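Biologist: I'd like to go through this one by asking why you call things what you call them. Can you give me the reasoning each time?

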Amino acid sequence: MSVDLSQFHQVFIDEAYEHLSTMESLLLALDLTAPSLDDLNAIFRAAHSIKGGAGTFGFTDIAELTHALETLLDRLRKEELDPTDAMIEAFLQCCDLLGNMLDVHQNGGEVDQQRLESIRGELMQLASGEASAAAVVEAAHPPATATPVEPGGHSWLIHLHPGKDIFAEGASFEAINEDLSALGQLEVLQQPEAGHVRWRLYADVSLEVLQETFAFVCQADEVSFTEETSITASDDQGYGFFVDESELAAEREAADGFGFFIDEDELPSQQAQRQAEQEAEQGFGFFVDESDLPAAQPDAAESVAVEPGKATGAAANPQAGSSPSSSQTVGAKPATTASRSPAKAPAKPAAQAETSIRVGVEKVDQLINLVGELVITRSMLAQSAAALDPMVYEAIHNGLAALERNSRDLQESVMSIRMLPINFVFGRFPRVVRDLANKMNKKVALKLIGEETELDKGLIEKLADPLTHLVRNSIDHGIETPEQRLAAGKSEQGTITLSASHQGGSILVEVTDDGAGLNREKLLAKAQEKGIPLSDNPSDREVWQLIFAAGFSTAKEVTDVSGRGVGMDVVMRNITEMKGQIEIDSAEGRGTRIGLRLPLTLAILDGMSLRVGEEVFILPLTRIIESLQPEPGQLKTVSGKGRVVHIRGEYLPLLPLYKAFNLEPRVKKPEEGILVVVESNEGKLALFVDELIAQHQVVIKSLEAHYRKVQGVSGATIMGDGRVALIIDIEQLAKLNQPEDVMNISGGRDDE
Amino acid sequence: MSEVAEEHALVMAGHQEFLTFTLGEEEYAIDILKVQEIRGYDAVTRIANTPDYIKGVINMRGVIVPVVDMRLKFHVGQAVYDQFTVMIILNLGERVVGMVVDGVSDVVALAPEQIRPAPEFGAAMDTQYIQGLASIDKRMAIVVDIEKLMTSSEMGLVDRVVAGN
């Protein structure tokens, strides 16, 4: 009766990554002087869940490592040890390693065994470091760790209790005995009687091995395994020696799927059952309905094991010797749990599993597409219905109004599925900053502002790389060493601020440091050396742009952090790809601010529709500064070629859209049409169009899917009447315009 | 265009079905499995700076699809657009393309031996896109490898081909 668990592996791995990131962020936030019990418990829970899952799916190496982690965490949360910097470091290392191991299990590869051993060793050592009486027992206890166990020191109590007499139906008692004997010294405590058998097995084997042995004998819930940490079978007295903590640990082990220890008839109280059940849920939060799962699932076995109805029906336990141990274990539990971890919220992880589901991104995208179609269909319908007499067809008009409301709400909700808080990116930086600062012997504090700001998932993923580059740069080049900072009259600790905020239709993400700032002279000298052409008296803005040039680095030597000159050009490329812009401000000695301005989402655009001749175009709203109808006096012709328009002291190049797109316009004189002033990286530009139509939110569609890239156009959308409208790419348009037209007029370019 | 749907030629073993259409005086045949649908010519959005035979793009149920006028491309027939103008929507693997022709005539089943290699001759299309010639009743149809044609650099429908204008 073996069930293929591999279908759950991906779920486990996804979950484990989530738990790891929770753990990491909590660890970094942990205040060493006054650790919060809530946080410690949360970290413990995360580790615990990973261990439970890893054990279930046979990732023993992960289970072993998390066990070591858990042992230390357990002592921390019980306030037996105080957390130290070294411990946090070890935890973080451990998190990294676990991530690495998950990756290996997922994609294949090799786990660095040496690293594994050293980290585990460190954790164990830390856990036993300031050993108290309890710790000695604790250290001897861990079941899954590689600590050598003395012969007979480690044993399993196995109770087979099938619903029917399986031996009468052909199962071989001898065969099971043989299998078990192969694992270690076997003692038959109760001979088969209506299928019930009890064994004690002295062997240092993992639970999985035992489960496998019985996989072909009976259902997983018909056999229970109790791990005994005791000395020998004869030494029953020894149980009295154990103090609460170790019992608690053993009990916890059992509850999370490592050892099914409870003999049904020994459950002392309803309270203990509840506890055990809650524990069980915690360990397997992702199995929503345990009872629906195939019986061979260990967790299902577990929930059955604590079922009160079965407890009464089970046969009397002849093992007087083990009784005290077990009942003491369970009995101790409610009391200690109550006193030690008051903040424990057992139902939480289970509740999370029920309130969120995992869905593939492509499914969400498909949904978004379909809703887009719906919105278009609705407006087509509305257009046709507009011709109908409202008096006669009142019902239709009402119905359409309701449809419009509903479809708009639907569209918003669907779009919000893709939105994630920016914390998903920001969350990694406390760690990055900490590690880098340590490595470079700098003191850096990280401030996060606006972590709740939501943006499109696609953008979040693409933002991670450029932000990491920027933060590394800030630490490496921006923030000075403590000595330099003190000498400059600044506080020893530098600050890097990551902030995110909504600004109109876009998101502004800023990386600010209070470091040395950019050095104009150094940059200019480097530019000269590299042969990058610059104007005679470049503005600060132009100079700062130099850092985006490929291969440009002012670092004296290449470190493993930065200095190779790649990085900033990658940042630039990524941000441009996301249709974003980069702003740099810097003051020497005071710091640098790098702002990334990004659209909220890649799928929807706020646009202005405008008409040129018979065609409709969409202009991204964020780029529009103003629109106006010019007076004839505002227009100037330059050397008979291009024209400029004079708007409030600025001369802006005039670009007739009908020329750029080769169309026949309705009006050819700018003073009869509309000028739309837009902002591009090349400067401001006045687009001349026939008329403005309306403001829309449009769903961006790709032209390249079935056609190819079109110059001056960034994509297309479908308008209310079902026609395709092209979305204007202002950057390209500005560039296209440059050679033949009027872009070389200096008056209109420098004033931003 | 509706007679296409009505005529279901018997497909015997080894026979392949072709859609035939006319361009000027010539009759062409293309693999029917490449045809997604046939529709009227409507609501095409122009794209600037493209050759004249690329009429623009249309909205095919939310997907944006380019439209090519074969009459303009091969300089045959009259490029008029009215309610009789017919567009064949082709599904070429990853890509969907609309193709305007003079008229759609028939669906025919052809055995491989009915398609004979084409000699060098003066068809509007380059011979490298022509699979062969087939005689249907008393007419002759030019069998075209439409996928090869549409994805060729000559059509300028795929990237890396800068359409000169």
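**Labels and the values behind them**

Biologist: What makes Glu404(A) partly exposed?

Modeller: Glu404(A) has a relative accessible area of 35%. Buried needs under 20% and exposed needs over 50%, so 35% lands in between and Glu404(A) is partly exposed. Keep in mind that the model is predicted.

Biologist: How do you know that Arg408(A) forms a salt bridge with Glu404(A)?

Modeller: The closest N and O atoms of Arg408(A) and Glu404(A) are 3.7 Å apart. The cut-off is 4 Å, so the pair counts. Both residues sit in helix 16 of chain A, and because they are 4 residues apart, about one helical turn separates them. Arg408(A) is partly exposed as well, with a relative accessible area of 42%.

Biologist: What makes Asp102(B) and Arg71(B) a salt bridge?

Modeller: Their side chains meet at 3.8 Å, N to O, which is within 4 Å, so they qualify. Asp102(B) is in the loop between strand 7 and strand 8 of chain B and Arg71(B) is in helix 2 of chain B, so this pair ties together parts that are 31 residues apart in sequence. Asp102(B) is partly exposed at 28%, whereas Arg71(B) is buried at 4%.

Biologist: And which residues do salt bridges that share partners join into one network?

Modeller: Those are Glu510(A), Glu583(A), Asp585(A), Arg593(A) and Arg597(A).

Biologist: Back to Arg71(B). How do you know that its charged end sits over the ring of Tyr81(B)?

Modeller: The charged end of Arg71(B) is 5.2 Å from the centre of the Tyr81(B) ring. The distance limit is 6 Å, so 5.2 Å passes that part of the test.

Biologist: How many salt bridges does a search of the whole structure find?

Modeller: There are 32 over all chains. One to look at is Arg431(A) with Asp96(A), where the closest N and O atoms are 2.7 Å apart. Arg431(A) lies in helix 18 and Asp96(A) in helix 4 of chain A, so the pair ties together parts 335 residues apart in sequence.

Biologist: Why does Arg431(A) count as buried?

Modeller: Arg431(A) has 6% relative accessibility, and under 20% is what the label asks for, so buried it is. Its partner Asp96(A) comes out at 32%, so the label there is partly exposed.

Biologist: What makes Phe617(A) and Phe661(A) a stacked pair?

Modeller: A search of the whole structure finds 4 aromatic pairs over all chains. In the one formed by Phe617(A) and Phe661(A), the rings are 4.7 Å centre to centre, with 20 degrees between the planes. Ring centres must lie within 6.5 Å and stacked planes must be under 30 degrees apart, so both tests are met. Phe617(A) lies in strand 13 and Phe661(A) in the loop between helix 24 and strand 18 of chain A, so the pair ties together parts that are 44 residues apart in sequence. Both Phe617(A) and Phe661(A) are buried.

Biologist: UniProt flags a histidine, I think. Which residue does UniProt list for "modified residue: Phosphohistidine"?

Modeller: The UniProt entry, which is unreviewed, lists His48(A). His48(A) lies in helix 2 of chain A.

Biologist: Is His48(A) buried or exposed?

Modeller: Buried: its relative accessible area is 1%, and the label needs under 20%.

Biologist: Why does Met391(A) count as exposed, then?

Modeller: Met391(A) has 73% relative accessibility, and over 50% is called exposed, so the label holds. Met391(A) lies in the loop between helix 15 and helix 16 of chain A. Together with Val392(A), Tyr393(A) and Ile396(A), Met391(A) forms a nonpolar patch on the surface, with about 430 Å² of accessible area together.

Biologist: What is phi of Arg648(A) near?

Modeller: Phi of Arg648(A) is near 45 degrees, a positive value in a residue other than glycine. Arg648(A) is in the loop between strand 16 and strand 17 of chain A, and at 67% relative accessible area it passes the 50% mark, so it is exposed.

Biologist: And where is Asn49(B)?

Modeller: Asn49(B) is in the loop between strand 3 and strand 4 of chain B. Its phi is positive too, near 55 degrees. At 36% relative accessible area, Asn49(B) falls between 20% and 50%, so it is partly exposed.

Notes
Residues numbered from 1 in each chain as written. Chains lettered and ligands numbered in written order. Predicted model: local features only at pLDDT ≥ 70, side-chain atom pairs only at ≥ 80, totals over all residues. Heavy atoms only, no water. Phe/Tyr/Trp six-rings, centres within 6.5 Å; stacked < 30°, edge-to-face > 60°. Helix = DSSP H or I, 4+ residues; strand = E, 2+ residues; numbered from the N terminus. Buried < 20%, exposed > 50% of the residue type's maximum accessible area, 1.4 Å probe, protein only. Lys NZ or Arg CZ within 6 Å of the ring centre and 35° of its normal. Patch = residues over 30% accessible without salt bridge, like charges linked within 9 Å, V, L, I, M, F, W, Y side chains within 5 Å. Areas by Shrake-Rupley, 256 points an atom, 1.4 Å probe, with all protein chains shown as cover. UniProt positions renumbered as here; feature names shortened; annotations may be inferred.
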